[in-house]
Amino acid sequence: MKNQTLSKEQMDHLEQLGLSTKNSSIKVFDSIHGDVLYYSSESEELVGVDEDEMYKHYSTFTLYDILKVLPRTIDECILSIDFDYCCFEYYYYSYDGPTSWHKIYFNSIENIMDGAYEMLVWAIENGYLNSIIKKHENI
C-alpha cells in the first residue's frame with residue numbers, strides 16, 4: 001500500500017501549499033514496533049488496533065484522491081495520463097487542428113504516484129486550484 005499513497009512529507013507539503021487534506025481516503029498508523037497499518041477513512045473503527053500503541057497517525061491521498069482534485073481541463077487543455085513504454089506521462093493538451101496539438105504541462109516519471117503528486121503541486125503553484133485553496137482558507 002506504501003506505493004499506492006502519498007508519503008507523510010508529500011501530504012505536509014500539500015498542506016503548506018494550502019490544499020486541504022481532510023478528504024483523503026486513507027489513514028496511516030505507524031506503530032512503535034515499526035508496523036504500518038492502512039485504513040480507509042470511511043472505516044468506523046480500527047479493528048485489532050490498540051490505539052495506545054500508535055505514535056504516528058496521518059491521512060494520505062491515493063491516486064483516485066489526486067485525480068478528484070486535479071482540474072479536468074485548463075485553458076481548454078484536457079488532462080491526460082498515459083503509460084508509455086517504461087513510464088507514465090502526465091500532461092494537459094489541446095488539439096490545434098487535425099495534425100497539431102500543444103501541451104501546457106508535461107512530466108514523465110516511472111512511479112505513477114510521484115507523477116500525479118508532481119502534477120498536483122504544479123497545478124497549485126500555477127494557480128489552477130485557487131478556488132479550492134480559497135475555500136479551504138475560509139473554513
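**Burial overall.** I began with how much of this predicted model is covered. Of the 139 residues in the protein, 40% are buried. I then looked at how far apart in sequence the contact partners sit: taking contacts between residues at least 6 apart, 50% join residues at least 24 apart.

**Elements.** I counted four helices and seven strands in the secondary structure. Reading from the N terminus, I noted the order α-β-β-β-α-β-β-β-β-α-α.

**The nonpolar core.** Next I wanted to know which residues touch the most other members of the largest nonpolar core. Among its 27 residues, these are Leu-6, Leu-14, Leu-19, Ile-66, Leu-70, Tyr-92 and Leu-120. Two or more residues come from each of H1, helix H2 (63-69), E5, E6, strand E7 (101-109) and H3. The most comes from H3, which gives nine residues. As a general note to myself, nonpolar side chains tend to be buried together in soluble globular proteins.

I picked out Leu-6 for a look at its surroundings. Setting aside residues up to four places away in sequence, Leu-6 touches Met-11, Leu-14, Tyr-58, Thr-60, Phe-61, Ile-66, Met-113 and Tyr-117. Of these partners, Leu-14 and Ile-66 are also on the list of core residues that touch the most other members.

**Helix H3.** Since H3 gives the most to the core, I went there next. I checked the length of the helix, residues 112-125: at 1.5 Å a residue, its 14 residues should span 20 Å, and the end C-alpha atoms are indeed 20 Å apart, so the two values agree. How many of the 14 residues are buried? Ten are, and H3 is mostly covered. I wrote down the buried ones: Met-113, Gly-115, Ala-116, Tyr-117, Met-119, Leu-120, Val-121, Trp-122, Ala-123 and Ile-124. Met-113 and Tyr-117 had already turned up as partners of Leu-6.

I also looked at what lies at either side of the helix. The N-terminal end of H3 is capped by Asn-111, with a side-chain oxygen 2.8 Å from the backbone nitrogen of Met-113. Just after H3 comes Gly-127, and I noted its positive phi of about 80°.

**Strands E5 and E6.** E6 (residues 87-95) has eight of its nine residues buried, so this strand is largely enclosed by the rest of the structure. Its partner E5 (residues 77-84) runs antiparallel to E6, and seven bridges join the two. I found Asp-84 standing opposite Cys-87 in E6. A reminder for reading such strands: in a regular strand the side chains alternate between the two faces of the sheet.

**The loop between H1 and E1.** I moved on to Thr-21, which sits in the loop between H1 and E1. Is Thr-21 buried or exposed? Its relative accessibility is 8%, under the 20% limit, so Thr-21 counts as buried. The side chain of Thr-21 has a polar contact of 2.5 Å with the side chain of Glu-15. Apart from neighbours within four places in sequence, the residues in contact with Thr-21 are Met-11, Glu-15, Ser-59 and Phe-61.

Ser-24 lies in the loop between H1 and strand E1 (26-31) too. Ser-24 is buried, with a relative accessible area of 4%. I traced a polar atom of the Ser-24 side chain to 3.2 Å from the backbone oxygen of Thr-21.

**Lys-27.** In strand E1 I stopped at Lys-27. With 23% relative accessibility, Lys-27 counts as partly exposed. The side chain of Lys-27 makes a polar contact of 2.8 Å with the side chain of Ser-59, and Ser-59 is also one of the residues in contact with Thr-21. I compared Lys-27 with His-57 as well: they are 30 residues apart in sequence, but 7.1 Å apart in space, C-alpha to C-alpha.

**Salt bridge.** Last, I looked for charge pairs. Side chains of opposite charge can pair when their charged atoms come close. Which residues form a salt bridge here? I found that Asp-12 pairs with Lys-8, the closest N and O atoms being 2.9 Å apart. The count for the model comes to one salt bridge. Both residues lie in helix H1 (residues 8-16), four residues apart, about one turn of the helix. Neither partner counts as buried, because the limit is under 20% and the relative accessible area is 28% for Asp-12 and 30% for Lys-8. I put both down as partly exposed.

Definitions and conventions
Residues numbered from 1 in each chain as written. Predicted model: local features only at pLDDT ≥ 70, side-chain atom pairs only at ≥ 80, totals over all residues. Heavy atoms only, no water. Salt bridge = Lys/Arg side-chain N within 4 Å of Asp/Glu carboxyl O. Buried < 20%, exposed > 50% of the residue type's maximum accessible area, 1.4 Å probe, protein only. Polar contact = N/O pair within 3.5 Å; in protein donor to acceptor, adjacent residues only side chain to side chain. Expected span 1.5 Å × (residues − 1). Pairing = 2+ DSSP bridges. Contact = heavy atoms within 4.5 Å. Core = buried A, V, L, I, M, F, W, Y, C linked by side-chain atoms within 4.5 Å.
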